Amino acid sequence: MKILLYPPLSIHELGHRDNQEDSIAQWDNRLFALCDGMGGHEKGEVASQTVCQAIGEWYQNRAIHPLGKPQVEDALAYAYAQLDKKDDGALKKMGTTLTLLYIGIEGAVAAHMGDSRIYHIRPAEGLLYQSRDHSLAFDLYQAGEISYEEMLNYGQKNVITRAMTPGEDNRMRPDIIHITDIQSDDYFYMCSDGMLERMSNDELVALLSSDASDEEKRQQLISATANNQDNHSAWLIHIEDVVNEEGDEQLVNEEPNARCNAVNIIPQSVSEPDDDVVIVKEAPKKQSLFQRIKKLIPFTKNK
């Protein structure tokens, strides 16, 4: 498939923080990265910048197209190696979340680790994909300890269970998904958790489904997050057109049923019953065999 993009737009705001621990980058309008660092002043930004830069180095040195899951894993292995070189041996290690999106002739490959997110939104249909947070709140929800509503408002939402950190024997691995159901006017939205402090999924979908221009939508996102406490960064990637080619039908779309698609864990609200089962009237009383035969055979009165 041939995918045409409108010019991708970025957001990179400091928020009410002293330093910027988010890092964003893109290469050739094909590969997009966003990382949210952690580990205290300076350490978080070192981790996020190191990973973003390393992914760019790997991509530019190899010039491999298209990228698939093995290539993404190779790129992250290289990024881990570069992150190891920055390890200062501190007990509290620096680290970073990761979102990575590649768009090519075989569709999109999305990878994530932590609570920075990737969304796939189709204005005509709504939310198709939201990367599932690797967080304590989600783990408690999965274990049945808290409800879905409690997960959304959990007091320790910043506690994540997966991130890229240096000097570890057992590397954390990302969730990687292949998306081939891509249509014109779709949006891919990548963001750090700071973008989501005061914005729900419904509000995000409504904003991106409006008739405003992409730049106007970018400004609305910035305005909606102006008072957020955390650093907040995003990539807004708008699909202009998709030209299908021979062989595209053989590509596997993993999006609808993927375990890492948080859309699949959103509880369905109680809805009205389907109209294929309808109560029309009170059930008739049972008739005797004689009564049923009488309806079928005409009787003549005696003269």
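Of the 303 residues of the protein, 45% count as buried (under 20% relative accessible area with a 1.4 Å probe, protein chains only; exposed is over 50%, partly exposed in between). This is a predicted model, where local features need pLDDT of at least 70, side-chain atom pairs count only at pLDDT 80 or more, and totals for chains, interfaces and linings use all residues. Residues are numbered from 1 along each chain as its sequence is written, and side-chain values use heavy atoms, leaving out hydrogens and water.

Start with the whole chain. It has seven helices and 12 strands (DSSP runs numbered from the N terminus: H or I of at least four residues for helices, E of at least two for strands).

**Stop 1: α1 and α2**

Select residues 43–62 (α1) and 69–84 (α2). Their axes come within 8 Å and cross at roughly 130 degrees (axes are lines fitted to C-alpha atoms over the stretch in contact; angles run from 0 to 180 degrees between N-to-C directions). The two helices are therefore oblique to each other (not under 35 degrees, roughly parallel; not over 145, roughly antiparallel; not 65 to 115, roughly perpendicular). Now show the side chains in contact (heavy atoms within 4.5 Å). On α1, pick residues including Ala47, Val51 and Trp58; on α2, Ala75, Tyr78 and Leu83 are among them.

Next, select Pro66, in the loop between α1 and α2. A cis peptide bond joins His65 to Pro66, with omega about -10 degrees. Most peptide bonds are trans.

**Stop 2: Leu83**

Stay on α2 and centre on Leu83. Leu83 is buried, at a relative accessible area of 0%. Beyond neighbours within four places in sequence, Leu83 touches Ala47, Thr50, Val51, Met94, Met164, Thr165 and Pro166. Draw a distance to Pro166: the C-alpha atoms lie 5.4 Å apart, although 83 residues separate the two along the chain.

**Stop 3: α6**

Jump to residues 214–224, helix α6. Asp214, Lys217, Leu221 and Ile222 are buried here. They span an arc of only 140 degrees around the axis, which puts them on the same side of α6 (the arc is that of the directions from the helix axis to the C-beta atoms). Add β2 (9–13), β11 (187–191), α5 (201–208) and β12 (232–243): the buried residues of α6 pack against these.

**Stop 4: two loop aspartates**

Pick Asp28, in the loop between β3 (22–27) and β4 (31–38). Its phi is positive, near 60 degrees. Asp28 counts as exposed, at 56% relative accessibility.

Finish at Asp185, in the loop between β10 (175–179) and β11. Phi of Asp185 is also positive, about 80 degrees. Asp185 counts as partly exposed, at 38% relative accessibility.
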